[in-house]
Amino acid sequence: MLFRGSNTFFSDEGCILMGISQGSVLGPLLFVFHVNDLAQEILDAKTLLVEFADDTSILTLALTLSELLQISCERLLAAQEWFNKNKLVLNTNKTSYLCFTTKQKDRRISETVVLNNESQVLAKSARFLGIHIDQNLDWMEHVGYVCRRVTSACCSLRVMSKYLNTECLKVVYYANIYSILRYGIIFWGGSTDAARVFVSQKRALRIMLSLKHRQSCRGRFRQLGILTVPGLYVYECLLFLFKNRKQFFIYESQKNKYTRYNGLSVPHHRLSATERGPTYSCIKCFNRMP
């Protein structure tokens, strides 16, 4: 239906043989009912299904790479059979082959693999729910993506600074920059490249306060009541720990409860990448609290 002035226009009536109109209130509920039995078709002891809205991910577990590829092919074939039965399409063009490994073992992984009778090329990174995940988990690509988005928002902020005061610019900052910085920061905030994002954030602060290009920002964040990127990273880690405290029960200290130490034990690890992960970072931030 389209309203134009005092006139009302209606679209042509038609008969829908399958599905419902896009944008309806009933659509999301019926979609959940429709895909509810997908897990029953593909799950087993080594497979985990993760669903978020209309995004479905299949996680597989194996001891060797060859076994992992075999299980992945079997699960992908089972998923495709389910899609065919329910008149849905599995988009193979959006399927990515990504192996998480250290930089020292990159050359040992095959560049191509056959999944569901189709050759998949090894990807260096993949985008999942708005976050770019690379095979070494160093988050360089996602940090670059965040920097580009913040830089673009700074250009808009500079134009509006000619017409708005600091308080209004602060509202624009939280709407267009803060939301970008906060999203997924517990994953990429501990990377070595996160300092680049902090530089972009300081550029936005100078625009709001009409500071010169090289003028120091020390004390300016506190003046506006804005968290820096490192401070936002610590805040989000602590917030995640307190909201998901049950997941950290296994890291509680086994020392006597009457001692002064009430911190959490960090997980055992042998790779430095573990220390950049959210679990280790949350515990480290929690233990440093007064």
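In this predicted model, the buried residues of helix α9 pack against four elements: α5 (166–182), α6 (185–188), α7 (194–209) and α11 (278–287). The buried set of α9 consists of Val229, Leu232, Tyr233, Glu236, Cys237, Leu238 and Leu241. A charged residue, Glu236, is thus listed among the buried positions. Helix α9 itself covers residues 229–243, 15 residues in total. From first C-alpha to last, α9 reaches 21 Å, close to the 21 Å expected at 1.5 Å a residue.

Two of these packing partners, α5 and α11, are described here in detail. Two packed helices are described by the angle between their axes and the distance between the axes. For α5 and α9, the angle is about 55° and the axes lie 10 Å apart. Angles of 65 to 115 degrees count as roughly perpendicular and those under 35 degrees as roughly parallel. The pair α5 and α9 is therefore oblique. The crossing of α5 and α9 is right-handed. On the α5 side, the contact is made by Tyr178, Leu181 and Arg182. On the α9 side, Val229, Leu232, Glu236 and Leu239 take part. The residues of this contact divide into five nonpolar, no polar and two charged. Val229, Leu232 and Glu236 also appear among the buried residues of α9.

The second pair is α9 with α11. Their packing angle is about 100°, and their axes are 9 Å apart. Helices α9 and α11 are therefore roughly perpendicular to each other. From α9, the contact draws on Tyr233, Val234, Cys237, Leu238, Phe240, Leu241 and Phe242. From α11, Ser281, Cys282, Ile283, Cys285 and Phe286 meet them. This contact divides into eleven nonpolar residues, one polar and no charged. Several of the α9 residues are buried, including Tyr233, Cys237, Leu238 and Leu241.

Outside the helical packing, Thr47 was examined in its strand. Thr47 belongs to β3, which runs over residues 47–52. The relative accessibility of Thr47 is 9%, so Thr47 counts as buried. With residues up to four places away in sequence left out, Thr47 touches Ile42, Ile58, Leu59, Thr60, Ile71 and Arg75.

Backbone geometry was noted at two loop positions. Lys87 is not a glycine, yet its phi is positive, at about 60°. Lys87 lies in the loop that joins α3 (65–85) and β5 (112–115). The relative accessibility of Lys87 is 61%, and therefore Lys87 counts as exposed. Leu129, also not a glycine, has a positive phi of about 55°. The loop holding Leu129 sits between β7 (125–128) and β8 (131–134). At 32% relative accessibility, Leu129 counts as partly exposed.

At the level of the whole protein, the secondary structure comes to eleven helices and eight strands. The protein has 290 residues, of which 32% count as buried. Contacts were also sorted by sequence separation. Of those between residues at least 6 apart in sequence, 53% join residues at least 24 apart.

How values were computed
Residues numbered from 1 in each chain as written. Predicted model: local features only at pLDDT ≥ 70, side-chain atom pairs only at ≥ 80, totals over all residues. Heavy atoms only, no water. Expected span 1.5 Å × (residues − 1). Buried < 20%, exposed > 50% of the residue type's maximum accessible area, 1.4 Å probe, protein only. Contact = heavy atoms within 4.5 Å. Axes fitted to C-alpha atoms, helices over the stretch in contact; angles between N-to-C directions. Parallel < 35°, antiparallel > 145°, perpendicular 65-115°, else oblique. Left-handed = near helix turned anticlockwise from the far one by under 90°.
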